[in-house]
Amino acid sequence: MKIATIEAIPYSIPYVHPLHFASGAVHEADHVLVRVTTDDGIVGTADTPPRPYTYGETQKSIVAVVQDIFAPQLVGLDVFDREKAQTVMARTVHNETAKGAVDIALWDVIGQALGRPVTKLLGGFTDSMRVSHMLGFKPAAELLDLAVQFRETYGISTFKLKTGRHPIGLDVEAARVLREGLGEDAEIYMDANRGWSANEAMEVLRRTNDLGLQFLEEPDDAREVLGRRRLVEKSMIPIAADESAPNLGEAAREILTGGANLLAVKTARSGFTEAAKIVGLAEGMGVDVYVGNQIDTQVGTVASVVFGAAFAHTSKRAGELSNFLDMADDLLAEPVVIAEGRIRVPQVPGVGTAVDEEKLTKYRTDR
Ligand code: MUC
Ligand code: MG
């Protein structure tokens, strides 16, 4: 079974509640839907979020690299030869999410061709993922109201607080208000998206020491090596690498050089193939991981759930799987349901990301 075509379809869906964070903001899901079609008509699907402030990709660059560079080299390849596809795409540097989407779409094809859910092919560890919700910049009282609403409506009790603001007291106060309002059982962690210096992050850790935070993600720029290493050595809670470890090599480097002792794994940027390698690396080195969020649509979220539930190591912690709730609409044909704080893995052949064709026609921006 061979790859016949690879499409990259730009589309745009507004957010009802835009998300603001230290490295940027998202008002619209101006993403790219990647579709791999085989010579016998199977269609594999994946979603691609452009994040110029994280990986340098734009909607146009993703369409260009998929259609002009990857497709001509991949068409005609046997769909089961994933490692060959990886090698072809690796010849082009960067373009993390474009590569990830092609890989996930290929897995979707493979699952459908074999009549098996991809989560089973990857590992089949469990059938659902616990959900963590990501809270963007807002005044502390509003954050607490939102978190309480998410707990009551969806049963979510793990929250990632976007931080990295100045003065740092804003985020210290937000964390304190959340902890006091949600009680000691709620899981709370911070993600500063490189907004602080190492010294500022150290000060935040000192001032939030009594709040029982789970971990601190990407507090500062990991390229400021000594500051980051000092932070990791001195912190009582793990320091997580997200955008500083977007691929296998950089994940290895950050762990080995003391830049992080916890890893975010994101299928949107690593696909399933490279994400699985990162999980194996982390597990072997005794480093915990969690499934992160690339401000994913429901199509992207299903991919994260399918991957996260496949492995013991990724399903231990809550995954960031709920920010699609802030969108006005989505392309996914079967909407994702969050109940009792969990999302169940779709038990259908493939990834389970079939799209609603009418919605795609409505939201695509290339026609
Ligand atoms: C995160 O964890 O940093 C921010 C931008 C994006 O695409 O994902 C995030 C969340
Ligand atoms: Mg992050």
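The donor residues of the magnesium ion (ligand 2) follow the spacing D-x25-E-x24-D in sequence. In this predicted model, the ion is coordinated by an OD atom of D191, an OE atom of E217 and an OD atom of D242, at 1.9 to 2.2 Å. D191 belongs to strand β8 (residues 187-191) and E217 to strand β9 (residues 216-217), so that the pair, 26 residues apart, links distant parts of the chain. D191 is classed as buried because its relative accessibility is 0%, below the limit of 20%. The relative accessible area of E217 is likewise 0%, and E217 is therefore buried. With water left out of the atoms considered, the coordination site may look incomplete.

Backbone geometry departs from the common pattern at several positions. In general, most residues other than glycine have a negative phi, and most peptide bonds are trans. The peptide bond between H166 and P167 is cis, with an omega of about -5°. P167 is placed in the loop between β7 (158-162) and α7 (169-182). A positive phi of about 70° is found at R194, which is not a glycine. This residue lies in the loop between β8 and α8 (198-207), β8 being the strand that also contains the magnesium donor D191. R194 is partly exposed because its relative accessible area is 31%, a value between the limits of 20% and 50%. I295, also not a glycine, has a positive phi of about 55°. The loop that holds I295 runs between β12 (288-291) and α12 (298-308). I295 has a relative accessibility of 6% and therefore counts as buried.

Two further buried residues were examined through their contacts. T92 occupies the loop between α3 (82-90) and α4 (96-114). Its relative accessibility of 14% is under 20%, so T92 counts as buried. Leaving aside residues up to four places away in sequence, T92 touches V65, I69, F70 and K99. The C-alpha atoms of T92 and Q214 are separated by 37 Å, the two residues being 122 residues apart along the chain.

R364 is located in the segment after α14 (357-363). R364 has a relative accessibility of 14% and is therefore assigned to the buried class. The side chain of R364 is joined to that of D366 by a polar contact of 2.7 Å. Apart from residues up to four places away in sequence, R364 touches I9, P10 and Y11. The segment after α14 is thus represented here by a buried arginine that has contacts with residues numbered 9, 10 and 11.

At the surface, F80, L114 and L121 make a nonpolar patch of about 250 Å². Within this patch, L121 is found in helix α5 (residues 118-122). L121 counts as partly exposed because its relative accessibility is 33%. This value is over the 30% required for a residue to be part of a patch, and it lies between the 20% and 50% limits that bound the partly exposed class. L114 falls within the range given for α4 (96-114), the helix that follows the loop containing T92.

Notes
Residues are numbered from 1 along each chain as its sequence is written. Chains are lettered from A and ligands numbered from 1 in the order in which they are written. This is a predicted model: local features need pLDDT of at least 70, side-chain atom pairs count only at pLDDT 80 or more; totals for chains, interfaces and linings use all residues. Side-chain values use heavy atoms; hydrogens and water are left out. Donors are N, O and S atoms within 2.8 Å of the metal (3.2 Å for Na, K and Ca); water is not among the atoms, so sites may look incomplete. Helices (H or I, at least four residues) and strands (E, at least two) are DSSP runs, numbered from the N terminus. Buried means under 20% relative accessible area, exposed over 50%, partly exposed in between (1.4 Å probe, protein chains only). Patches are made of residues with over 30% relative accessible area and no salt bridge: like charges are joined within 9 Å, nonpolar side chains (Val, Leu, Ile, Met, Phe, Trp, Tyr) within 5 Å. Accessible areas come from the Shrake-Rupley method with a 1.4 Å probe; for residues, only the protein chains shown count as cover. A salt bridge is a side-chain nitrogen of Lys or Arg within 4 Å of a carboxyl oxygen of Asp or Glu. Contact means heavy atoms within 4.5 Å. A polar contact is a pair of N or O atoms within 3.5 Å; within protein, one must be able to donate a hydrogen and the other to accept it, and residues adjacent in sequence count only if both atoms are side-chain atoms.
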